[in-house]
Amino acid sequence: MDIPDVSKLQVRQDGDGGKSGATQLSQPPSVEKIQQLLKTKDDTTRFVGLALLKSVLDNSPELRDEKGIIVSLWDSISPKFLDRLLRTGSQPDSEQRNSRDMLDLAVAVIHTFAVLLPDDARQNIKLIGRIPRLAKAVLYSSKETTQVIIKTLLTLVVVPEGAKCFADLDIDDWAPLIEIAPEHPHVMTIFIWAWEKGTTGLVDEKSTAAMRAKIDEAIQSFISSFIGTDAASLLLFISHVLRNTDEHLVPQNPKWIGSLTKLIRNLSTNRPTADSRSAYTNCAGALLLLYPESAAQILFQDEKDSSKPFSYHFINLILIDLRVTLPTLLEKLNDPEYPRISQRLTSALDILTAFIGQLISWMEELDESRPDTSSACLWLKMPPDLVLKLSSSIAETLSITMEYLRDRWDASVAGARGLHLEARTGSAHTDFGSHKTLSWDTKDESATTDAFILSAIRAIALWLRDDDGDVLRKEGAGLMDMFMELYQGSSAAASSAGFNGLDFRLPILAALEGVLRTSKGIEAFNSYDDWKILSGDMLRILSETSTSSSLQEAELIRGERIALVLQIVVESEGSVPEDWMGIVTAVAAYDVPGTGDEISGKALLDFQADVLQLAAALLANANPGMRKRYVHSATAIRGIAEQLRGGAEGNTDTAGELEDVISTLGT
């Protein structure tokens with residue numbers, strides 16, 4: 001197609017035959033005349049029409065607001081002609097000037113209508129169908145036109161149909177955009193919209209698996225494109241994708257974890273800025289949540305005999321960020337930047353939790369290793385003095401975190417430190433009337449829905465449970481009211497259909513395993529009637545094992561942890577109150593389910609054994625008069641233990657626990 005020089009071209013209007021040539025050429029073309037040019041069969045005339053249309057729309061603000069005229073003009077343009085311009089302009093062997101003119105004009109026109117068309121017309125296939133050609137065109141376009149293409153795609157993928165069209169493209173069609181992503185970060189926003197909004201209609205496992213594989217390959221291509229850069233924008237992009245994409249589309253056991261971890265290591269060791277700190281923290285946190293085993297071993301792996309192991313350097317950066325930011329976080333709850341800061345600190349705590357878990361595993365590995373075990377088998381190659389320094393720094397950081405949680409919780413539910421539950425529920429009575437006690441929190445969410453609170457409790461719980469120091473455990477006792485209110489809130493929310501919110505219960509139980517090994521912890525536990533809360537939850541789970549075949553294994557695990565926590569309390573008390581013996585009565589009446597139930601056999605047996613151990617401990621610690629009153633319950637519990645022992649494998653821990661119950665109740 002021959003491309004005319006349209007820079008000086010103007011159109012003669014109908015009915016102007018008696019006017020001078022200069023006047024004729026000075027008149028702008030009418031909408032009708034442009035439509036006539038666009039509807040012809042001649043490509044050169046169509047091109048002239050497109051050029052004039054673009055010029056008129058750019059220079060006629062009043063026309064851009066006339067939605068009816070805009071739709072009419074768009075209807076006059078042939079989509080096949082636009083595709084032909086895009087295709088011809090995207091051929092590397094085409095004549096340079098002509099092909100660039102075609103591509104530039106086609107992209108400019110599509111972008112203009114993508115912006116001006118009303119929402120219903122923007123969702124039409126005539127506009128959405130141009131996405132594949134636009135995606136391919138970026139490799140052959142000028143810098144300016146490439147930016148227009150990206151803006152156009154961003155405008156189109158916001159529409160559900162546009163997001164789906166882009167998501168459905170082949171990986172080869174995505175490749176040109178992925179290649180230019182390091183110079184054009186907004187490309188990654190296009191993929192975010194497409195993967196989050198354009199994948200909701202996948203109807204079967206086959207299509208879901210295909211999309212997951214395509215996302216996996218695309219992320220690998222992105223990483224390859226960013227090799228040699230600081231990759232900060234890429235790390236933010238991947239962390240967002242991993243956290244917000246549908247869980248069924250998140251790649252499983254991807255091969256790019258090692259490559260991504262190298263980018264995280266490089267960025268964190270090269271004088272990181274505030275933005276790059278957010279990037280590597282959020283990305284590492286997302287990786288450790290989704291791929292805890294493989295990501296942790298790669299991220300925290302150190303070279304043997306290194307004077308400054310990377311894991312020491314990296315965790316120190318995380319701890320410093322937490323210690324510096326937390327003291328001023330409360331005053332920023334309603335600042336626009338709070339969600340960004342909170343997300344970074346949440347990721348930092350997730351990293352810390354993963355490292356503490358790996359540190360505990362490493363310590364256990366050292367204790368259990370044989371003398372002839374090579375040190376190369378131990379993944380954490382950190383000198384003992386650095387381990388001690390890091391442990392001290394972790395303890396200090398967690399202390400600051402607990403102080404923040406105390407202040408945040410008081411601000412959220414009471415407005416003042418240390419008010420008992422009963423003081424919070426009532427109204428304040430004054431000469432001016434009654435009003436609720438003052439509290440304040442973020443305007444968008446409460447402490448109970450803040451993911452930062454959950455991540456903080458997880459990190460604290462793991463440390464309190466496995467570290468023998470009493471100082472932090474006593475500090476943890478000061479959070480007992482918060483723990484139990486969050487526990488009750490999660491239980492109430494989980495009972496509703498379709499619950500997918502934050503569940504604080506297992507982390508809180510882990511924290512209690514450490515806190516209750518101090519006298520302050522036991523005192524706080526008793527002051528908030530926590531026995532009633534936890535025992536009620538455990539007995540509900542026990543009852544459901546007899547009546548429900550749909551009980552989740554997570555429920556049984558929580559039941560085990562409750563039984564362990566309550567047993568710690570029993571062993572710490574000198575006597576057993578009468579109201580605690582309700583557990584004995586309930587367990588004695590337990591109807592052991594048959595073997596045909598669908599509940600996982602091992603998890604169920606472990607839970608049952610722990611509950612029986614708790615009941616036996618209550619009976620063993622009760623005074624003689626109380627034991628005499630519950631003699632029939634003891635006999636029934638012993639019979640249940642004997643029944644379960646018959647189904648337990650010979651030398652397992654569970655079998656040993658059941659034998660202990662039988663022995664305890666047989667005397």
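The dialogue below reads selected features of a predicted model.

Q: How many helices and strands does the secondary structure of the chain come to?

A: The chain is assigned 35 helices and 2 strands. Of its 667 residues, 49% are buried. Among contacts with a separation of 6 or more, 74% join residues 24 or more positions apart.

Q: Is Ile110 buried or exposed, and in which helix is its place?

A: Burial is judged by relative accessible area, with under 20% taken as buried. Ile110 has a relative accessibility of 0%, and therefore counts as buried. Its place is in helix 7, which spans residues 96-116.

Q: Which residues does Ile110 touch, leaving aside residues up to four places away in sequence?

A: Ile110 touches Leu82, Leu86, Leu127, Arg130, Leu134 and Thr152, with residues up to four places away in sequence not counted. One of these partners, Arg130, can also be placed by its backbone. Ile110 and Arg130 are 20 residues apart along the chain, and their C-alpha atoms are separated by 8.2 Å.

Q: Which residues of helix 12 are buried, and what covers them?

A: A buried stretch is read by listing its residues and then the elements in contact with them. In helix 12, residues 160-167, the buried residues are Gly162, Ala163, Cys165, Phe166 and Ala167. Their cover includes helix 9 (125-128), helix 10 (131-137) and helix 11 (143-157) on the N-terminal side in sequence, together with helix 13 (171-180), helix 14 (186-197) and helix 15 (205-225).

Q: At what angle do the axes of helix 17 and helix 18 cross?

A: A helix pair is described by its axes, its handedness and its contacts. The axes of helix 17 (residues 257-268) and helix 18 (residues 274-290) cross at roughly 145 degrees and come within 10 Å. The crossing of helix 17 past helix 18 is left-handed.

Q: Which residues meet where helix 17 and helix 18 are in contact?

A: Helix 17 contributes Leu260, Thr261, Ile264, Leu267 and Ser268. From helix 18, the residues that meet them are Ser276, Ala279, Tyr280, Cys283, Ala284 and Leu287. By class, this contact divides into 8 nonpolar residues, 3 polar and no charged.

Q: How many cavities of 30 Å³ or more does a search of the whole structure find?

A: Rolling a probe the size of a water molecule over the atoms shows where empty space is left. Searched in full, this structure has 1 cavity of 30 Å³ or more. The volume of the largest cavity is about 30 Å³.

Q: Which residues line the largest cavity, and which elements give two or more of them?

A: The lining consists of Leu542, Val587, Tyr590, Gln608, Val611, Leu612, Ile640 and Leu644. Two or more residues are given by helix 32 (601-621) and by helix 34 (631-645). Helix 32 provides the largest share, 3 residues. The lining divides into 7 nonpolar residues, 1 polar and no charged.

Q: Why does Gln608 count as buried?

A: Gln608 counts as buried because its relative accessibility is 5%, against a cut-off of under 20%. Gln608 is found in helix 32. Apart from residues up to four places away in sequence, Gln608 touches Tyr590, Val592, Pro593 and Leu644.

Q: What is the volume of the largest pocket, and which residues lie nearest its centre?

A: The largest pocket has a volume of about 770 Å³. It is lined by 30 residues, and those nearest its centre are Leu289, Thr353, Arg458, Leu506 and Pro507. The elements giving two or more lining residues are helix 18, helix 19 (292-299), helix 21 (338-368), helix 24 (451-466), helix 27 (505-515) and helix 30 (553-572). Helix 21 gives the largest share, 7 residues. By class, the lining comprises 13 nonpolar, 8 polar and 9 charged residues.

Q: What is the volume of the second largest pocket, and which residues are closest to its centre?

A: The volume of the second largest pocket is about 590 Å³. Leu242, Arg243, Leu289, Leu290 and Arg458 are the closest to its centre among the 20 residues that line it. Helix 16 (232-244), helix 18, helix 21 and helix 24 each give two or more residues to this lining. The largest share, 4 residues, comes from helix 24. This lining divides into 8 nonpolar, 7 polar and 5 charged residues.

Note on methods: Residues are numbered from 1 along each chain as its sequence is written. This is a predicted model: local features need pLDDT of at least 70, side-chain atom pairs count only at pLDDT 80 or more; totals for chains, interfaces and linings use all residues. Side-chain values use heavy atoms; hydrogens and water are left out. On a 1 Å grid over the protein atoms alone, a cavity is a set of points where a 1.4 Å probe fits but cannot get out, and a pocket is an open set with protein on both sides within 12 Å along at least five of seven lines; lining residues have an atom within 4 Å of a point. Grid points are joined across faces, edges and corners, and a volume is the space filled by probe spheres set on the points. Ala, Val, Leu, Ile, Met, Phe, Trp, Tyr, Cys and Pro count as nonpolar, Asp, Glu, Lys and Arg as charged, and the others, Gly among them, as polar. Axes are lines fitted to C-alpha atoms, for helices over the stretch in contact, and angles run from 0 to 180 degrees between N-to-C directions. A crossing is left-handed if the near helix is turned anticlockwise from the far one by less than a right angle, and right-handed if clockwise. Contact means heavy atoms within 4.5 Å. Buried means under 20% relative accessible area, exposed over 50%, partly exposed in between (1.4 Å probe, protein chains only).
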